[in-house]
Amino acid sequence: MVHGELWTLKELFVYPNEYIYWSIQIVMYPFMTGLVAGAFVLSSLYHVFGIKELKDIARFALVFSFALLFAAPMPIVLHLQHPFRGINVMMTPHFTSAIAAFGIVFFTYGTIVASELWFLYRKHFVEVALPLKEKKDKSLTEWIKFIVFYTLTLGVYDISEESLKRDEKAIKILAGVGIPVACFLHGYAGFIFGSVKANALWMTPLMPVIFIMSAIVSGIALCLLTYIIVMELRKIKVKSHRKPWMPKLEDVKGVEMSVIRITAKYLLLFMVFAITLELLDLVFRGYTAVRHWDILRTVIYNKDFTNIFILQYTFGNLIPFIIFLIPGLTIRRAIIGLVLVIMGVFMMRWNVVIGGQAFSLTLSGYMEYIVPIIPHDWETFKEGMGGAVSIFVMPFVLFWVFAKIFPVFNLKESH
Amino acid sequence: MINRREFLKNTVKGIAGLAVPLAAIEIINPRKLHAANSSEKSKVRWVFLVDTYKCVGCGFCVKACKNENEIPYDANVTRTWVERYVLTKEGRLFADSPKGARDGFITTKIDRGLGNFQDIKKEDIKKAFFVPKLCNQCENPPCVQVCPVGATYQTDDGVVLVDRTWCIGCGYCIMACPYGVRFFHPKYHTAEKCNFCYHRITKGMKTACVQACPFGARMIGNIKDPNDPVTKIITTERVGVLKSEYGTKPQVYYIGLDEEVR
């Protein structure tokens with residue numbers, strides 16, 4: 001079977017070799033990198049711009065961004081026909097291609113996030129490692145903990161007031177440099193699509209900017225959502241089984257409404273930018289109505305109407321917008337709004353990637369993508385629902401692991 | 001014992017050294033240098049000429065191509081194909097290419113996809129014709145531009161080739177081609193396309209499709225040779241190319257191209 005044939009339905013006149021070659025994993029790719037960039041920008045709002053209300057969520061967002069970072073290249077790996085040759089991109093990068101820069105941008109960004117995390121948690125590493133070093137007859141878990149944290153200190157044990165001040169400065173610089181790099185990481189994902197001149201829907205210079213704006217929206221939404229859920233779970237856990245080593249109930253306040261309110265404000269701000277640009281793009285296409293507008297119109301207003309206007313714009317943008325604007329925001333309402341926002345951004349990626357392949361290069365035929373839900377071989381798993389869900393779950397699992405090394409709550413003193 | 005500063009310095013140097021791609025320290029090959037410096041890179045630039053008036057849609061070219069280039073016969077992908085266009089008096093356009101016209105057009109019904117067929121009465125037809133398609137071996141190939149690893153490249157004589165041992169199978173080139181000539185090879189799982197039967201033309205033979213065409217609708221030639229019959233036609237007669245608006249500078253020329261051709 002030809003790659004793509006299994007999940008493509010062709011209608012009217014379509015070239016014989018045309019199929020939906022870029023399937024759900026290519027939807028996941030900008031979605032995940034968008035979350036990475038968005039989470040980082042959220043954390044930088046505190047570290048760079050000093051928005052004090054976001055102090056709690058900033059630390060959380062940075063660790064989460066790090067977890068997301070590992071999941072971001074996975075969709076590409078699952079999508080490649082030769083995943084083991086993926087390293088060729090780094091060995092013989094062909095720089096006229098937008099994808100060739102991936103390795104460089106990704107590792108630059110990864111280095112920035114990792115360094116920032118190190119400066120942020122350096123004190124914690126030292127505080128864990130040194131007492132363990134002194135301790136005689138360590139248990140096995142203590143040995144492992146000691147080795148991990150002792151390595152993570154990188155041989156620096158100075159946690160004097162003065163050196164911590166310097167750390168703070170370094171964090172500020174890294175977070176500042178990180179913002180443009182994060183935007184570049186994602187904007188360039190937009191460039192991958194926006195520069196395909198053969199595709200009538202993709203080709204627009206607005207694409208990278210639209211991608212960055214919706215990325216920040218999705219990143220903030222996912223961070224806030226996870227933050228609320230984690231905080232609430234902690235509260236429930238502490239309430240239900242009291243253990244002596246657990247923090248006191250009074251100390252576990254649950255989520256602060258002020259944090260939600262402030263973060264939601266930034267969410268709305270970036271949502272306004274994103275929607276404005278998307279609508280500008282749509283209006284401009286309709287107004288100029290060049291050759292391919294005839295088929296684009298039928299795709300946008302007929303074939304993909306539900307995906308674009310109902311799921312993306314109404315449920316993903318309009319309803320959450322109203323939810324957050326009505327005064328007296330509650331946690332439950334915030335959760336509903338955030339889930340809808342994340343779904344909306346996912347649908348935006350879907351409508352770009354799949355929508356861009358919904359019409360033929362002949363401009364007189366259509367293709368429909370049928371997502372493989374129940375896999376019957378490796379290909380239908382990795383390029384179907386199974387693969388997409390696995391990718392989405394991955395950062396949460398990683399976050400759970402990372403949170404053991406980089407605790408996001410109850411640090412005695414934090415930057 | 002090195003101190004930390006030394007260690008960090010050396011690490012940075014080491015990483016920087018590793019980052020220099022091997023290609024940058026390649027020893028200069030005198031022949032390559034000569035080729036790069038000579039004003040005329042190659043004395044050959046392969047071009048293709050299709051006379052749509054002569055095509056009857058028999059599909060012999062598609063069959064020959066599939067056999068010659070080992071594209072699985074029953075797979076629904078093909079390096080070359082033939083399209084049928086039917087314009088009705090009402091001004092409606094119908095077009096199809098069932099199985100790339102591998103078996104020719106055995107019915108008058110137009111394949112509308114999803115199992116639907118449309119029969120058009122003879123008296124309703126304003127005009128109808130066939131258009132063979134293949135890779136345009138563009139002078140400015142977008143597929144080569146977007147390949148992230150350089151696995152697809154243009155030879156000095158203008159043909160765009162794919163390195164099956166290096167292609168990672170990302171599909172970016174497939175997306176970038178406005179002509180839809182690229183696909184994934186069902187067996188090798190790498191990007192695949194028409195290469196003007198490069199293994200044949202470089203040995204003085206014709207391409208498989210040119211050889212198989214019983215009506216002479218397909219011709220291949222060297223545009224840099226003024227005495228080549230193909231060059232003579234392209235330079236002296238009225239010919240067209242497909243989708244010139246993309247700036248790809250396609251090198252497959254058509255006689256009798258209609259504005260309805262997609």
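The contact between the two chains takes 44 residues from chain B and 38 residues from chain A. The model in which this contact appears is a predicted one. On the side of chain B that touches chain A, the elements giving two or more residues are β3 (93-96), β4 (110-113), α4 (142-146), α5 (172-176) and β9 (183-184) of chain B. Of these, α5(B) gives the most, with 4 residues. By class, this side of chain B divides into 28 nonpolar, 12 polar and 4 charged residues.

Within chain A, the discussion turns to a pair of helices. Helix α9 (residues 257-288) and helix α11 (residues 305-325) of chain A pack with their axes 11 Å apart and at an angle of about 150°. Their crossing is left-handed. From α9(A), the residues A264(A), L267(A), L268(A), M271(A) and I275(A) take part, and they meet N317(A), F321(A) and F324(A) of α11(A). The contact of α9(A) with α11(A) has 7 nonpolar residues and 1 polar residue, and no charged residues.

Helix α11(A) merits a closer description. What separation do its end C-alpha atoms show, given its 21 residues? They are only 26 Å apart, whereas a straight helix would reach 30 Å at 1.5 Å a residue. The helix also contains a kink of about 45°, centred on T314(A). The buried residues of α11(A) are I308(A), L311(A), Q312(A), Y313(A), G316(A), N317(A), P320(A) and F324(A). N317(A) and F324(A), both buried, are also among the residues of α11(A) that meet α9(A). The packing partners of the buried residues of α11(A) are α9, α10 (293-303) and α12 (331-353) of chain A.

Helix α12 of chain A holds both L338(A) and V339(A), and the burial of each can be stated. L338(A) counts as buried because it has 28 C-beta neighbours inside 10 Å, the threshold for burial being 20 or more. V339(A) has 15 other C-beta atoms within 10 Å and is therefore partly exposed. Leaving aside residues up to four places away in sequence, L338(A) touches A221(A), L224(A) and L225(A). L338(A) and L267(A) are 71 residues apart in sequence, yet their C-alpha atoms are 9.5 Å apart in space. L267(A) is one of the residues through which α9(A) meets α11(A). For V339(A) and V283(A), which are 56 residues apart along the chain, the C-alpha separation is 28 Å.

Further along α9(A) lies L282(A). This residue is partly exposed because 14 other C-beta atoms lie within 10 Å. From L282(A) to L363(A), 81 residues away in sequence, the C-alpha to C-alpha distance is 18 Å. L363(A) is placed in the loop between α12 and β2 (365-369) of chain A. Its phi is near 60°, a positive value in a residue other than glycine. Most residues other than glycine have a negative phi. L363(A) counts as partly exposed because it has 15 C-beta neighbours inside 10 Å.

Chain B provides further cases of positive phi. F196(B), which is not a glycine, has a positive phi of about 55°. The residue is found in the loop between β10 (191-192) and α6 (198-201) of chain B. Is F196(B) buried or exposed? F196(B) counts as buried because it has 28 C-beta neighbours inside 10 Å. A positive phi of about 55° is also taken by E70(B), just after α3(B).

Helix α3 (residues 60-68) of chain B has F60(B), C61(B), V62(B), K63(B), C65(B) and K66(B) as buried residues. The elements that cover these buried residues include β2 (81-88), β6 (125-133), α7 (208-212) and β11 (218-222) of chain B.

The description closes with helix α1 (residues 4-19) of chain B, in which N10(B) lies. N10(B) is exposed because 11 other C-beta atoms lie within 10 Å, and 12 or fewer is the limit for that class. N10(B) and Y85(B) are 75 residues apart in sequence, and their C-alpha atoms are 67 Å apart in space.

Definitions and conventions: Residues numbered from 1 in each chain as written. Chains lettered and ligands numbered in written order. Predicted model: local features only at pLDDT ≥ 70, side-chain atom pairs only at ≥ 80, totals over all residues. Axes fitted to C-alpha atoms, helices over the stretch in contact; angles between N-to-C directions. Left-handed = near helix turned anticlockwise from the far one by under 90°. Contact = placed C-beta atoms within 7 Å. Nonpolar A, V, L, I, M, F, W, Y, C, P; charged D, E, K, R; others polar. Expected span 1.5 Å × (residues − 1). Bend = angle between axes of the 7 residues up to and from the residue.
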